[in-house]
Amino acid sequence: MPSAADWITLSEAAEILAAANIHFRAETIGGWARSGRLSSIKLGGRRYVRRGEVKALVAAPRRVRVEDIQPGLFEELDA
């Protein structure tokens, strides 16, 4: 079970993303939370999201399948 320290405000979530040069407003992150894209709780009229889920957005693996690469992109390197 997550501890109380695992839940952060939407503004704190925006700051974590901004530190990684990913800029979203707290309102946008709140929309993700309301839609279920991020786990959230609401206490005293404020919404909180899981710190680990926000950090996972920054550290998400960025893999590209070979099928998705533009054909011929690296052909001149073979020469």
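Me: Which residues form the nonpolar patch on the surface?
Reply: Val-64, Val-66 and Ile-69 form that patch, with about 280 Å² of accessible area together. Keep in mind that this is a predicted model.

Me: Where is Ile-69 found?
Reply: Ile-69 sits in the segment after helix 3, and that helix covers 51-58.

Me: What is the relative accessible area of Ile-69, and why can it count for a patch?
Reply: Ile-69 has a relative accessible area of 31%, so it is partly exposed. Patches take residues with over 30% relative accessible area, so Ile-69 at 31% qualifies on that criterion.

Me: Switching to the sheet. How many strands, and in what order?
Reply: There are 3 strands in the order 1-3-2, forming an open sheet with antiparallel pairing. Strand 1 (7-9) and strand 2 are at the edges, each with a single partner strand, so one side of each has no neighbour in the sheet. From one strand to the next, the twist averages 40°.

Me: How many bridges between strand 2 and strand 3?
Reply: Strand 2 (residues 40-43) and strand 3 (residues 46-50) pair over 4 bridges, in the antiparallel sense. Ser-40 has Val-49 in strand 3 as its bridge partner. Lys-42 stands opposite Arg-47, which is in strand 3.

Me: And what joins those two?
Reply: Strand 2 and strand 3 form a hairpin, with 2 residues between them. Gly-44 is in the turn and has a positive phi of about 55°.

Me: What about strand 1 and strand 3, how many bridges there?
Reply: Strand 1 and strand 3 pair over 3 bridges, also antiparallel. Ile-8 has Val-49 in strand 3 as its bridge partner. Val-49 is thus a bridge partner of both Ser-40 and Ile-8.

Me: Back to helix 3. Which strands does it lie across, and at what angle to strand 3?
Reply: Helix 3 lies across strand 1 and strand 3, and runs at about 60° to strand 3.

Key:
Residues numbered from 1 in each chain as written. Predicted model: local features only at pLDDT ≥ 70, side-chain atom pairs only at ≥ 80, totals over all residues. Heavy atoms only, no water. Patch = residues over 30% accessible without salt bridge, like charges linked within 9 Å, V, L, I, M, F, W, Y side chains within 5 Å. Areas by Shrake-Rupley, 256 points an atom, 1.4 Å probe, with all protein chains shown as cover. Salt bridge = Lys/Arg side-chain N within 4 Å of Asp/Glu carboxyl O. Buried < 20%, exposed > 50% of the residue type's maximum accessible area, 1.4 Å probe, protein only. Pairing = 2+ DSSP bridges. Axes fitted to C-alpha atoms, helices over the stretch in contact; angles between N-to-C directions. Contact = heavy atoms within 4.5 Å.
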